[in-house]
Amino acid sequence: MATKIRLQRGGRKGYAFYSIVIADARAPRDGRFTEKIGTYNPNTNPATVDLNFDRALYWVEVGAQPTDTVRNILKKEGVYMMKHLRTGVKKGAFDEAAAQKKFDAWKDEKVKGFDAVRQQVEKAKKEAAAKELEAEKKINEAIAQKVAEKKAAAAAAQAEAEAPAEEAAPAEEAPAEA
C-alpha cells in the first residue's frame with residue numbers, strides 16, 4: 001500500500017485549516033486516513049504548525065511520500081534534517097549524541113532566525129503606528145488651526161457688527177440729553 005502524507009482541509013469557507021494526515025495514496029483529500037500527525041494553519045502570520053515530530057519522522061523513514069506543501073512543512077520543522085542525521089548514524093559517520101547535538105544547533109539557529117524576523121515585523125508595525133500617529137497629529141493641528149481661524153473671523157465679524165451699533169447708539173442718545 002502506497003502511503004502519502006497530505007493535508008486534509010477543514011475550517012470554514014475563506015478560512016482554511018488543515019490536518020496533516022497519513023493516508024492511502026488512492027484515498028480522496030478529505031477521505032479516510034490512517035493517522036493524524038499534526039495541524040497546519042496558514043491564516044496566521046507566520047503560519048502555525050503543530051506536528052507530532054516522532055510520528056512524522058517514523059512515517060518519512062518508512063517511505064511515506066509527502067505532498068509538496070507537506071514536504072516544505074516537514075523541512076521547516078526539521079524532520080528531513082533528523083532523517084539525514086539518522087542516516088549518518090546508521091552509516092557510522094557519527095554517533096547518536098553527535099547527531100542530536102547537530103540537530104539542536106540547527107534548531108537553535110532556526111529559532112534565532114524566526115525571532116529576528118518576528119522582531120523586525122514588530123519594529124515595522126511600531127514604526128508604521130508612529131508614522132500614522134504623527135500624520136494624524138498633523139491633520140488634527142491643521143483642523144484646529146482652521147477652526148481657530150474661523151472662530152477668529154467670526155469673532156472679528158461680530159465685533160465689527162457690534163462696533164457700528166455702539167457708535168450709532170451714543171449719537172442718538174446725545175441729542176436727547178441736551
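In this predicted model, leucine 51 makes contacts with residues that lie more than four places away in sequence, namely Ile20, Ile37, Gly38, Ala56, Leu74, Glu77 and Val79. Leu51 also belongs to the largest nonpolar core, a set of 22 residues. Together with Ile5, Leu7, Ile20, Ile37, Leu74 and Val79, Leu51 is among the members that touch the most other members of this core. Two or more core residues come from each of strand 1 (3–12), strand 2 (15–24), strand 3 (35–41), helix 1 (53–61), helix 2 (68–77), helix 3 (79–91) and helix 4 (96–177). In soluble globular proteins, nonpolar side chains tend to be buried together.

**Helices 1 and 2**

Helix 1 has Ala56, Leu57, Trp59 and Val60 as buried residues. These residues lie on the same side of helix 1, because the arc that they cover around the axis is only 165°. The buried residues of helix 1 pack against strand 1, strand 2, strand 3, strand 4, helix 2 and helix 3. After helix 1 comes glycine 63, with a positive phi near 105°.

In helix 2, the buried residues include Val70, Ile73 and Leu74. They share the same side of helix 2, since their arc around the axis is only 95°. An α-helix has 3.6 residues a turn, so residues three or four places apart point the same way. The exposed residues Asp68 and Lys76 are carried on the face of helix 2 that is turned away from its buried side. Threonine 69 also belongs to helix 2, and its relative accessible area of 37% makes it partly exposed. Between the C-alpha atoms of threonine 69 and isoleucine 5 the distance is 9.8 Å, although the two residues are 64 residues apart in sequence. Just after helix 2, glycine 78 adopts a positive phi of about 95°.

**Pockets**

The largest pocket has a volume of about 430 Å³. Its lining consists of 16 residues, of which Ala47, Val49, Lys76, Glu77 and Phe114 are the closest to the pocket centre. At least two lining residues come from each of strand 4 (48–51), helix 2 and helix 4. Helix 4 provides the largest share of this lining, with six residues. Lys76 thus appears both on the exposed face of helix 2 and among the residues closest to the centre of the largest pocket. Glu77 is likewise one of the residues closest to that centre, and it is also a contact of leucine 51.

The second largest pocket has a volume of about 180 Å³. Asn45, Pro46, Phe114, Val117, Arg118, Val121, Glu122 and Lys125 form its lining. Phe114 is listed for this pocket and is also one of the residues closest to the centre of the largest pocket. By class, the lining of the largest pocket comprises seven nonpolar, three polar and six charged residues, whereas that of the second largest pocket comprises four nonpolar, one polar and three charged residues.

Two of the residues that line the second largest pocket, Asn45 and Pro46, are joined by a cis peptide bond with an omega of about -5°. Proline 46 is located in the loop between strand 3 and strand 4. Most residues other than glycine have a negative phi, and most peptide bonds are trans.

**Three glutamines**

The table below sets out the accessibility of glutamine 8, glutamine 100 and glutamine 119.

| Residue | Element | Relative accessibility | Class |
|---|---|---|---|
| Glutamine 8 | Strand 1 | 12% | Buried |
| Glutamine 100 | Helix 4 | 32% | Partly exposed |
| Glutamine 119 | Helix 4 | 55% | Exposed |

Glutamine 8 counts as buried because its relative accessibility is 12%, and buried means under 20%. Beyond its neighbours within four places in sequence, glutamine 8 is in contact with Phe17, Tyr18, Ser19, Val21, Arg29, Asp30, Gly31 and Phe33. Its C-alpha atom is 9.3 Å from that of proline 28, which is 20 residues away in sequence.

Glutamine 100 and arginine 86 have a C-alpha to C-alpha distance of 9.2 Å and a sequence separation of 14 residues. For glutamine 119 and aspartate 68, the separation along the chain is 51 residues, and their C-alpha atoms are 29 Å apart. Aspartate 68 is itself one of the exposed residues on the face of helix 2 turned away from the buried side.

Terms used: Residues are numbered from 1 along each chain as its sequence is written. This is a predicted model: local features need pLDDT of at least 70, side-chain atom pairs count only at pLDDT 80 or more; totals for chains, interfaces and linings use all residues. Side-chain values use heavy atoms; hydrogens and water are left out. A nonpolar core is a set of buried Ala, Val, Leu, Ile, Met, Phe, Trp, Tyr and Cys residues joined through side-chain atoms within 4.5 Å. Buried means under 20% relative accessible area, exposed over 50%, partly exposed in between (1.4 Å probe, protein chains only). Helices (H or I, at least four residues) and strands (E, at least two) are DSSP runs, numbered from the N terminus. Contact means heavy atoms within 4.5 Å. On a 1 Å grid over the protein atoms alone, a cavity is a set of points where a 1.4 Å probe fits but cannot get out, and a pocket is an open set with protein on both sides within 12 Å along at least five of seven lines; lining residues have an atom within 4 Å of a point. Grid points are joined across faces, edges and corners, and a volume is the space filled by probe spheres set on the points. Ala, Val, Leu, Ile, Met, Phe, Trp, Tyr, Cys and Pro count as nonpolar, Asp, Glu, Lys and Arg as charged, and the others, Gly among them, as polar. The arc is that of the directions from the helix axis to the C-beta atoms.
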